[in-house]
Amino acid sequence: MGRGKIEIKRIENSTNRQVTYSKRKNGIMKKAKELTVLCDAKVSLILFSSSGKMSEYRSPSVSRMSEILDKYHKYSGKKLWDPKHELLSNELDRIKKENDNMHIELRHLKGEDVNTLHHKELATIEEALENGLTNVRAKEERILEEENKRLNYILHHQQMAMDGCVREVENDYHHRGRDYHHSQMPFTFRVQPIQPNLQEAK
């Protein structure tokens, strides 16, 4: 008796489904390798399980998966992949990773999540904090020096203004004193006799 025909439908039992996937995946991978060897074909195969795990195969003559995609684009006219998108994706991944690292370093600098760090990592954080403190102090000193210069500048101009007012008052005082002195003219008094001159009467 021959084997009964198996109905192709979704396997409800998750364990049986995973076992079947694993067996058939290995079978299709074997067929892809045989096509490569027997027929000198360029084969590229990508599989994703229901859990999201990826499996792939490409012929040894294919250096990268994008080579197969480029050929597919060329002969089918359908663009499933763009090198620019890959570069952009790589750049986004790099920036995201860098941003995540910066967040972790910031938390460490705040003293958070440092219990699991090794001595070398703690020493690096300590050095960064010391350098930061040195820079803060240097900036604070520059700010104080600039503020001191500004206050000295204001004080100098105020002193000059006060000196100018004092000189103006002194000059005005001396000028008025000279005017007063010149206005006091000397008077000459001549005494006239009240009694008649007796010698002239004789």
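**Entry 1. Overall layout**

I began with the order of the elements, which run α-β-β-α-α-α-α from the N terminus on. I counted 5 helices and 2 strands in the protein. I noted that the model is a predicted one. I then looked up burial: of the 202 residues, 10% count as buried.

**Entry 2. The loop between H1 and E1**

I next turned to the loop that joins helix H1 (14–39) to strand E1 (44–48), where I found aspartate 40. I recorded a positive phi of about 55 degrees for aspartate 40, although this residue is not a glycine. I asked whether aspartate 40 is buried or exposed. Its relative accessible area is 70%, and because the cut-off for exposed is over 50%, I entered aspartate 40 as exposed.

I also placed lysine 42 in the loop between H1 and E1. I listed lysine 42 as partly exposed, with a relative accessible area of 43%.

**Entry 3. Salt bridges**

I looked up how many salt bridges the structure holds. The number is 5. I kept in mind that side chains of opposite charge can pair when their charged atoms come close. I wrote down three of these pairs in turn.

I started with lysine 42, whose side chain meets that of glutamate 67 in a salt bridge (3.7 Å, N to O). Glutamate 67 lies in helix H2 (residues 65–76) and lysine 42 in the loop between H1 and E1, so this pair ties together parts that are 25 residues apart in sequence.

I then examined helix H3 (residues 83–109), which holds both arginine 94 and glutamate 98. Their side chains meet in a salt bridge, at 3.0 Å from N to O. I noted that the two residues are 4 apart, about one turn of the helix. Arginine 94 is partly exposed, with a relative accessible area of 44%, and glutamate 98 is partly exposed as well, with 40%.

I moved on to helix H4 (residues 119–183), where arginine 150 and glutamate 147 are 3 residues apart, so about one helical turn separates them. I recorded a salt bridge between arginine 150 and glutamate 147, with the closest N and O atoms 2.7 Å apart. Both partners are partly exposed: I found a relative accessible area of 43% for arginine 150 and of 34% for glutamate 147.

**Entry 4. A nonpolar patch**

I searched the surface and found a nonpolar patch formed by Ile46, Phe48 and Met54. I noted about 310 Å² of accessible area for the three residues together. I located methionine 54 in strand E2, which covers residues 54–58. Methionine 54 has a relative accessible area of 43%, which I entered as partly exposed.

**Entry 5. The largest pocket**

I turned last to empty space. Rolling a probe the size of a water molecule over the atoms shows where such space is left. I found about 220 Å³ of space in the largest pocket. I asked which residues line this pocket. The lining consists of Ile6, Glu7, Ile8, Lys9, Arg10, Ile11, Thr20 and Arg24. I sorted the lining residues by kind and obtained 3 nonpolar, 1 polar and 4 charged.

Key: Residues numbered from 1 in each chain as written. Predicted model: local features only at pLDDT ≥ 70, side-chain atom pairs only at ≥ 80, totals over all residues. Heavy atoms only, no water. 1 Å grid on protein atoms, 1.4 Å probe; cavity = no way out; pocket = protein on both sides within 12 Å on 5 of 7 lines; lining within 4 Å. Points joined across faces, edges and corners; volume = space filled by probe spheres on them. Nonpolar A, V, L, I, M, F, W, Y, C, P; charged D, E, K, R; others polar. Patch = residues over 30% accessible without salt bridge, like charges linked within 9 Å, V, L, I, M, F, W, Y side chains within 5 Å. Areas by Shrake-Rupley, 256 points an atom, 1.4 Å probe, with all protein chains shown as cover. Salt bridge = Lys/Arg side-chain N within 4 Å of Asp/Glu carboxyl O. Buried < 20%, exposed > 50% of the residue type's maximum accessible area, 1.4 Å probe, protein only.
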